[in-house]
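Trainee: Please take me closely through one part of this model, and then place that part against the rest of the packing.

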Amino acid sequence: MSVLRGNNGPRYRHSQDATAPYETLTIDKLTPIIGAEIAGVDLSAPLANRQMDEIHRALAENAVIFFRDQHLTPEQHLAFGRNFGTLHIHPAAPHAPGHPELMIIRADKDSPRANGEGWHSDVSCDPEPPMGSILYIKQCPPSGGDTLFASMYAAYEALSDRMKAYLDGMMAVHDGEAAYRGTYKNLGIADKPVYPRAEHPVVRTHPVTGRKALYVNRGFTTRLLGVPRDESAAVLRYLCDHAEDPLFQCRFRWTENAVAFWDNRCVQHRAMWDYWPHTRSGFRVTVAGDRPV
Ligand code: SIN
């Protein structure tokens, strides 16, 4: 992996080593940096060990993976998620009746907002934020409703060496208060007395790949610690602008019954609500994670 800054060639150059072919999956990369569509797997069935290993590998190599034409019951969606760890329960959002781990994702003509409209990493305000999220969209608008994903490995690697040195060891506050208080009032969901708040490293090391990723986002990160408030605001603004550079992104155009599985430890995402008054709906299963290091 190398990064070039200045006038000689691309600002970011991704150079992943050639990898061995997959045996049980077909991989179609959306960009060299992030995202791949996977074919040859039925997520409703129990998966053989080899196929599970290759899904883990595809997620590690691409940070977000997509599966089309999947037909999942809520139980099958939950069972697929449990292959990757304990399931996380969202601190605020509504869930399917009887399934607290099955978050409802829906926007229609009466919605005051849609889920995930700003760039974020899911529930990064938790002391142990989710490792990954598995979104199953069952109903799509006629057009629009794409989701954008950005590689925080690429965002980190494209920082200047001076900025990397400045951020080394720095911690940041991630606060759920602004994101969640009152957000689901229109659905009759009462606010909790408090929402999660945590301090995380600004640069985290991915526990599987060992790569460094920028871990601040506009949705939850409110303060860089150890620097004056105005410096925190200015640097945070720069880092969020930088993280949202289209150079680090892929964009997924949904079709009904598609699944996206993203790794929150190295990816931010943003959902486009450009389809009003149409409806887009589905469910998200979120896999619990570890304290970032
Ligand atoms: C989310 O989980 O943030 C919502 C993403 C989407 O609806 O595309």
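Mentor: Buried here means under 20% relative accessible area, with exposed over 50% and partly exposed in between (1.4 Å probe, protein chains only). The model is predicted, so local features need pLDDT of at least 70 and side-chain atom pairs pLDDT 80 or more, while totals for chains, interfaces and linings use all residues. Residues are numbered from 1 along each chain as its sequence is written, and side-chain values use heavy atoms, without hydrogens and water.

The part is helix α1, residues 49–62; helices (H or I, at least four residues) and strands (E, at least two) are DSSP runs numbered from the N terminus. At 1.5 Å a residue, its 14 residues should span 20 Å (1.5 Å times one less than the number of residues). The end C-alpha atoms of α1 are 20 Å apart, which agrees. Buried in α1 are Q51, M52, E54, I55, A58, L59, E61 and N62. Their cover includes strands β1 (26–29), β2 (36–39), β3 (64–67) and β14 (258–263), together with helix α2 (74–82). Just after α1, A63 has a positive phi of about 70°.

As for the rest, the largest nonpolar core (buried Ala, Val, Leu, Ile, Met, Phe, Trp, Tyr and Cys joined through side-chain atoms within 4.5 Å) has 55 residues. F149, L167, V202, L214 and L224 touch the most other members. Helix α3 (residues 152–157) gives this core its largest share, 5 residues. Beyond four places in sequence, L214 contacts (heavy atoms within 4.5 Å) M152, A155, Y156, L159, L167, V202, L239, H242 and A243. Apart from this core lies another, of 26 residues, including L47, I65, L87 and A96.
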